[in-house]
Amino acid sequence: MAKLFRAVIMGPPGSGKGTISERIAQSFGLKHLSSGDFLRENIAANTEAGVLAKTYIERGLMVPDHVMTRLLLPRLEEMTRHSWLMDGFPCTLAQAKALNSTCDLDLVISLNIPYETLKDRLSDRWIHPASGRVYNMGFNPPRVQGRDDLSGEPLIQHDNDQPEALVARLRHYKDVAKPVIDLYKSKGILHTFSGTETDRIWPYINSLLSTKILSRPEMDTQHIPMP
Ligand SMILES: Nc1nc2c(ncn2[C@H]2C[C@H](O)[C@@H](COP(=O)(O)OP(=O)(O)OP(=O)(O)O)O2)c(=O)[nH]1
Ligand SMILES: Nc1ncnc2c1ncn2[C@@H]1O[C@H](COP(=O)(O)OP(=O)(O)O)[C@@H](O)[C@H]1O
């Protein structure tokens with residue numbers, strides 16, 4: 001069987017992982033998998049892992065590694081016929097090692113965005129809690145102010161997107177992500193992109209993926225961008 005493409009996107013909160021993942025999924029036909037979406041699905045379905053995860057998320061804490069791996073690895077193992085891009089996992093070295101034992105990654109994208117930019121974006125971020133859809137009042141505003149585009153339900157802001165909580169979250173990200181980034185660097189699969197605007201970073205990611213994915217004959221041709 002032709003080899004499938006497996007990628008991970010990493011970056012601090014607000015770095016644009018979700019936004020860039022959607023663009024990659026659309027342009028290259030990879031399935032966009034998001035740890036936050038998996039968690040929300042499990043919380044909504046009241047699964048054992050979902051009930052447990054909820055107690056952490058409600059307190060603004062990261063979900064413990066063993067809960068994350070128990071939840072995500074079986075789902076990834078099931079995806080034997082799809083190329084995918086994982087957003088939000090792994091976040092810690094323990095998660096990265098667990099993922100390593102399940103699959104061989106082809107590529108890791110790491111987003112390196114200045115603190116001031118993250119602070120500005122997140123303090124302007126509005127979320128539709130039920131779906132996880134994210135809006136930014138300057139970058140991608142909702143069609144109707146304060147309302148989700150699809151459901152029309154009210155949008156909220158997260159307390160942990162406010163400046164004081166954000167400093168702690170970003171510091172925490174740096175500490176836990178460093179060994180993960182070092183691991184992927186040592187494997188030779190890490191690609192880091194720096195900048196303050198998603199629209200400026202995107203062409204570089206697009207051209208990197210074009211060189212990696214166009215050569216893969218199993219990809220559905222309708223998803224391959226025109227040269
Ligand atoms: N002004 C501006 N806002 C952006 C840009 N790229 C993304 N955003 C907005 C969309 C969101 O409101 C916010 C964060 O973007 P994402 O939700 O895509 O980021 P990410 O998935 O990394 O955040 P998360 O881990 O879920 O906290 O910033 C940009 O280039 N300029
Ligand atoms: N890989 C992970 N390890 C631990 N906890 C995670 C992981 N991914 C997501 N979470 C938890 O789920 C929550 C929601 O994730 P996400 O939708 O990515 O949004 P955000 O990071 O902006 O809060 C996180 O705040 C965190 O508590």
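## Helices α3 and α4

In this predicted model, helices α3 and α4 pack with their axes 10 Å apart, at an angle of about 145°. The crossing of α3 with α4 is left-handed.

On the α3 side, the residues that meet α4 are Ala 49, Leu 52 and Ala 53, and their partners in α4 are Val 67, Arg 70 and Leu 71. By class, the contact of α3 with α4 has five nonpolar residues, one charged residue and no polar ones.

## Helices α2 and α4

Helix α4, which spans residues 65-78, also packs against α2. Here the angle is about 105° and the axes lie 11 Å apart. The two helices, α2 and α4, are therefore roughly perpendicular to each other.

From α2, the contact uses Ser 35, Phe 38 and Asn 42, while α4 brings Met 68, Leu 71, Leu 72 and Arg 75. Sorted by class, these residues of the contact between α2 and α4 are four nonpolar, two polar and one charged. Leu 71 of α4 is worth a look in the viewer, since it appears in the contact with α2 and also in the contact with α3.

## The loop between α2 and α3

Between α2 and α3 there is a loop, and Asn 46 lies in it. The phi angle of Asn 46 is near 55°, a positive value in a residue other than glycine. For context, most residues other than glycine have a negative phi.

## Around ligand 2

Which residues come nearest to ligand 2? They are Ser 35, Gly 36, Met 62, Val 63 and Cys 91, out of the 14 residues around this ligand. Ser 35 thus has a place both here and in the contact of α2 with α4.

Helices α2 (35-44) and α3 (48-57) each supply at least two residues of the shell. The largest share of the shell around ligand 2 comes from α2, with three residues. By class, the shell around ligand 2 has nine nonpolar and five polar residues, and no charged ones.

## A cis peptide bond

Phe 89 and Pro 90 are joined by a cis peptide bond, with omega about 0°. Most peptide bonds are trans. Pro 90 sits in the loop that runs between β3 (84-87) and α5 (93-100).

## Around ligand 1

Ligand 1 is surrounded by 18 residues, and the closest are Lys 17, Gly 18, Asn 136, Phe 139 and Thr 198. At least two residues of this shell come from each of α1, β6 (133-136) and α8. Helix α1 gives the most to the shell around ligand 1, with three residues.

How does the shell around ligand 1 divide by class? Ten of its residues are polar, five are charged and three are nonpolar. For the shell around ligand 2, the corresponding counts are five polar, no charged and nine nonpolar.

## Helices α1 and α8

Helix α1 (residues 17-28) and helix α8 (residues 198-213) also pack against each other, at an angle of about 40° and with their axes 11 Å apart. These two helices, α1 and α8, are therefore oblique to each other. Their crossing is right-handed.

In α1, the residues that meet α8 are Thr 19, Ile 20, Arg 23, Ile 24, Ser 27 and Phe 28. From α8 come Thr 198, Trp 202, Ile 205, Asn 206, Leu 209 and Ile 213. The contact of α1 with α8 has seven nonpolar, four polar and one charged residues. Thr 198 takes part in this contact and is also one of the residues closest to ligand 1.

## The annotated lid

An unreviewed UniProt entry carries the annotation "domain: Adenylate kinase active site lid" for residues 125-157. In the model, the chain over residues 125-157 is 24% strand and 0% helix. The C-alpha atoms at the two ends of this stretch are 7 Å apart.

How values were computed:
Residues are numbered from 1 along each chain as its sequence is written. Chains are lettered from A and ligands numbered from 1 in the order in which they are written. This is a predicted model: local features need pLDDT of at least 70, side-chain atom pairs count only at pLDDT 80 or more; totals for chains, interfaces and linings use all residues. UniProt positions are given in the numbering used here, feature names are shortened, and annotations may be inferred rather than shown by experiment. Helices (H or I, at least four residues) and strands (E, at least two) are DSSP runs, numbered from the N terminus. Axes are lines fitted to C-alpha atoms, for helices over the stretch in contact, and angles run from 0 to 180 degrees between N-to-C directions. Angles under 35 degrees count as roughly parallel, over 145 as roughly antiparallel, 65 to 115 as roughly perpendicular and the rest as oblique. A crossing is left-handed if the near helix is turned anticlockwise from the far one by less than a right angle, and right-handed if clockwise. Two residues are in contact if their C-beta atoms, placed from the backbone, lie within 7 Å. Ala, Val, Leu, Ile, Met, Phe, Trp, Tyr, Cys and Pro count as nonpolar, Asp, Glu, Lys and Arg as charged, and the others, Gly among them, as polar. A residue is near a molecule or strand if its C-beta atom, placed from the backbone, lies within 6 Å of it.
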